[in-house]
Structures are given as C-alpha cells and as structure tokens.
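Good morning, everyone, and thank you for making time for this. Please have the structure open while I talk, and turn it along with me as we go from one part to the next.

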Amino acid sequence: MKYICIILLAWLSIKNQAGQDFYACKNAKISLFSSAPLEDIQASSGSGTSVYNPATGDLAFSVGIRSFQFPKSLMQEHFNENYMESDKYPKATFKGKIKEPVDITKNGSYPVNVTGELNVHGVTQTRTITGTVVVNNGTVSMTSEFMVKCADHKIDIPTLVFKKIAESIKMNVSATYTAVKSS
Amino acid sequence: MKKLISLAACAVISTAVWAQTKPAESKTAADSLLNSMDSTPKAEPVIATFKSTRLILGATTETVKKNNLNFLVIHRFGDIGGSEGGGKTLLGLDNSSDIYIGFEYGVSDNLDIDFGRSKFAQQVDLGLKYAIVHQTSDNATPFAVTLLGKAGIKAYHADQGEFPTFADRFAYVAQAIIARKFSSNFSLQLTPTYVRNNSPFPFLAGNERSFFAMGIAGRLKVTKRMGIVVDYAHPFSSFRSNATGDNAFYDPLGIGIEIETGGHVFTIVFSNAKAITETSYLSASQSDWGKGQFRLGFTISRMFSFNKKAKKAY
C-alpha cells in the first residue's frame, strides 16, 4: 500500500505541481423533516461522510440509512423496513460538481448550485441543489436545504397508513470539512 | 485509517490529474475518497424480524422498545364447525373461546414487562421478555434469541374445589425464542418451551403438570405490509399423546394473515387452540381441525410511544 502511494506521489510530483488539498468530513449532519396531517416526521444522522475538492468543485456525500435516529423507534423501524428498504439500499449518496468558483483562501459565504446525481432508495435522480459554502480562516463548511419527493425515488406510500407520510421530505445537510493534505 | 485516507487521497489526486485531460473521469475523484472513508460498512443488527411481539399463538423475538407501550387485544371465537359451530352460532361468531387484553412496556430496547389477562381460566399473567442476542447483517450472529418467562394465576372463583391449595392456581412458562430473518420477506422461529401448570385442564388423573414443548412459526411477506403467518406447537407430553376419545389432545396450529398499517398490526387467523396464553394453549388444546373445531381469531397490536424528544445522533 505504502509503495503504491509513494509511486503515485512520485508520478504526481513529476507530472503535476499542483498538490491540491482535499476536504473531507466524516460527521456530516443530515436530517429529514416532513409535516403530515397526523404527525411530524423527523430524524437525524450525525455520521454522513463528504468529500470536497475545491480545485475541481467535485462534491460527494454519503449517509447510511440505518444511522438516522427517530424519536419513535417504531417509526425508525418502518423507515428502514417499509420505506427505505435499508437492507437492500443501505446508503443514500450524492455526487456532484459545484458550478460557481469558490475561493477557499478568502473568508466569505458563497451561495452555490451543485449539479449531480442523488441516489436514494436505489434510484438516481439528476438534481441541482442549492447550498452555501462558508470559508472562515481556512475552515470550510457547507449547508444545504432541499426537498426530496418520495415518488422520485420509488418510495411507496401505501394508502393503508392513512396519509401519515408526506409526499415530500425536507432534507437539511451541514458539514464541516478538514483538509486532507496530499503531500 | 490514516494510511487508507492518505492512499485514497493519492488515488484521488492521481485521478484528478487525469481529469484535467479527461473531464469525464472527474466524478470518480471525490468518489473514491468518499468510498475510502466508509468502504467497510459496520454490521448492523437485523431489525423487524417480525412486525409484532406476537405471531398467532406464541411470542416472537421482538421486544417492545424503550418507553413504548404495546397494547394487545386478542380474540378467539367459537368453533366454526362441529357440535358447537355451524349456523346456530353463526360459525362460532356468537361464542368467544378466549379474550386476552395485554400490555407490554419496554423498560429498555431489549427488555419488556408483559401483563395480560385471559378470559380462559381468568388467568392473569405477568412476565419478562429479554432479547439476549440479535441477528446481525453480516451473519456473524445468524439468529436472534429472546428469553421469555411468565407466571400466571388462575383467578376465577372455584366452587367445585378445583384448587385445593392456593399454589394450584399457578402456571409458569419459560421460553427461548430463536428466530432468523432469512430475507426481508421470510422469517422463521423455533421456540423450545418449558411449561409448569399446577392444575392443567382438563382436571384428569395423571394430567402432566410439567412438560417440554416446541413451537415453530414463520412469516412470509406477500407485500411490504401484509404477510402469511403460520404458528404450530407440539407439547412433549406422554399423557397428552396417549389420551384418546373425548379427552384427546391436538397440537395447536394457527394460520393467518398479518397486516401492518403504521401504528397497528392486525392478525386475522384460523386456529384450533381455544386459549391464548402459552400455559393454557400448550396444556389444554383439545380441539381438532379435522372435526371443524377451529375458530376465527384476531390480534390487534397497537404501539404507543412515550419518547417525546428526538434522539440526538450527534
């Protein structure tokens, strides 16, 4: 493993002088909320992972479905068992590219549009999601709020549950990144 | 882990360099680093082996989670056929063999307290159920094990001297429920059981008070929310095996469908067992499917949650 790494780095230092930094986050907070006639549904996960490459604008997120915690354990069971089928589709992912240039050397708040593929419940949708990148003295963080339609991802809402589940779920994502040095 | 990240970073960077000439591959850059961060998913405990704490006759490996209350109404009508069934009782609907009202409260996610009262012998049961082993998604633990212990007291007014001493009113059951969720659609469980019934029905000379029994039960989901359920038990009791004629015993067997609607689980069944609580249906099942002595029954299970605040995952 080390040798591969060294070879790669050596090759890199010859071919390319950029030596970019990547930014990674292993504890992205991802929460969902929906308001339904009978009861609100909310859950949160604190173990999302994300990678951001400021040089190319590449941005990726991944979260384990089982990591979402609900106030009601039965709701959590149904979320996994009936709706998300987390045994078959254990993760939700997003892989995209930030359209706007973000200068991570300058403090500031950058509103961004990220276009990419959102994979939930094994169904991929191309989405443009708006968010904010905040740079504060070298710390990079991101927040975003967007809607996910259950029907877009083939998440069935049966009529038997008496309209307990809303058709759209509001997602909130926030991640604070640490630099992964390349050299 | 650091090594992995640095290796992944190297891989990502080298790909990123390629990306400058091949834009199509740029997506894989962040991707591979992301994969390196959680490429080894932890084994998760398997959940929802069964939808309810009861299948038809017996208990499942499921326990009531912390601060939740499961309210159970279980009903068994009279014989559909045979001498007590037919048109005169509208296929047994005019009779009720047993009615059970139960409460199960989750002390922790793995332990619940069960309380219930049966019409059959007016038995009041108090028990504890503990999920000792959970099946894991990586099959390191291939099945779940839940222990159940219950003590029951037959509370009815005995005017025929049925209970010479107070101790004769008691009945106990101990079970080790072993279940495996083979797929999201199919779960099966085995239930080795020990029964101690101080005065088992019917009151006959030689009726065994203590015996072992084995239960086998399964669920096959037809849709996400509906499944076919089967529950069978065999008491290893020579007295019961050898009894003939009017006193013959028959192994309890129930077949039904289970429907989940969110907070409720409904089970609609046909079963030859008249009684609902374990000590009674294992001791005293004298109804024969072959003679039409089976009945319609239903179970309503309603889960209430007393967790007000959202769990914090971070």
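Before I come to a hairpin, I should say that two strands count as a pair if DSSP finds at least two bridges between them. I should also say at the outset that this is a predicted model.

With that in mind, let us go to chain B, where β10(B) and β11(B) form a hairpin with three residues between them, and where B:Gly262 in the turn has a positive phi of about 110°. The two strands, β10(B) and strand β11, residues 264–271, pair in the antiparallel sense over seven bridges, and within that pairing B:Ile255 stands opposite B:Phe270 in β11(B). Strand β9 of chain B, residues 226–236, is joined to β10(B) by seven bridges and runs antiparallel to it, with B:Asp231 standing opposite B:Gly254 in β10(B).

Which residues of β10 in chain B make up its covered face, and which its uncovered one? The covered face holds B:Gly254, B:Gly256, B:Glu258 and B:Glu260, whereas B:Leu253, B:Ile255, B:Ile257 and B:Ile259 form the uncovered face. For those of you who are new to this, in a regular strand the side chains alternate between the two faces of the sheet.

We can follow the same idea into strand β5 of chain B, residues 144–154, where B:Ala144, B:Thr146, B:Leu148, B:Lys150, B:Gly152 and B:Lys154 point to one face and are buried. The other face of β5(B) carries B:Val145, B:Leu147, B:Gly149, B:Ala151 and B:Ile153, which are not buried. Ten bridges join β5(B) to strand β4, residues 123–133, in an antiparallel arrangement, and here B:Gly127 stands opposite B:Lys150. With strand β6, residues 170–181, β5(B) also pairs in the antiparallel sense over ten bridges, and the bridge partner of B:Thr146 in β6(B) is B:Ile177.

Now let us compare two loop residues. Is B:Phe120, in the loop between β3 and β4 of chain B, buried or exposed? B:Phe120 is buried, because 23 other C-beta atoms lie within 10 Å, and the cut-off for buried is 20 or more. Leaving aside residues up to four places away in sequence, B:Phe120 touches B:Asp98, B:Lys274, B:Ala275, B:Ile276 and B:Ser280. B:Gly290, which lies in the loop between α4 and β12 of chain B, counts as exposed because it has 10 C-beta neighbours inside 10 Å, where the cut-off for exposed is 12 or fewer.

Let me turn to chain A, where eight strands close into a barrel in the order β1-β2-β3-β4-β5-β6-β7-β8, with antiparallel pairing. Neighbouring strands of this sheet are turned by 25° against each other on average, direction ignored. One of these pairings joins strand β1, residues 22–34, to strand β2, residues 41–53, over nine bridges in the antiparallel sense, and A:Ser31 stands opposite A:Ser44 in β2(A).

Finally, the nonpolar cores: of the 40 residues in the largest one, A:Tyr23, A:Ala24, A:Phe79 and A:Tyr177 touch the most other members. A second, separate core of 22 residues includes B:Leu55, B:Ile56, B:Leu57 and B:Ala213. Returning to A:Tyr23, and again leaving aside residues up to four places away in sequence, its contacts are A:Tyr52, A:Pro54, A:Val140, A:Tyr177, A:Thr178, A:Ala179 and A:Val180.

Key
Residues numbered from 1 in each chain as written. Chains lettered and ligands numbered in written order. Predicted model: local features only at pLDDT ≥ 70, side-chain atom pairs only at ≥ 80, totals over all residues. Helix = DSSP H or I, 4+ residues; strand = E, 2+ residues; numbered from the N terminus. Contact = placed C-beta atoms within 7 Å. Core = buried A, V, L, I, M, F, W, Y, C linked by C-beta atoms within 7 Å. Axes fitted to C-alpha atoms, helices over the stretch in contact; angles between N-to-C directions.
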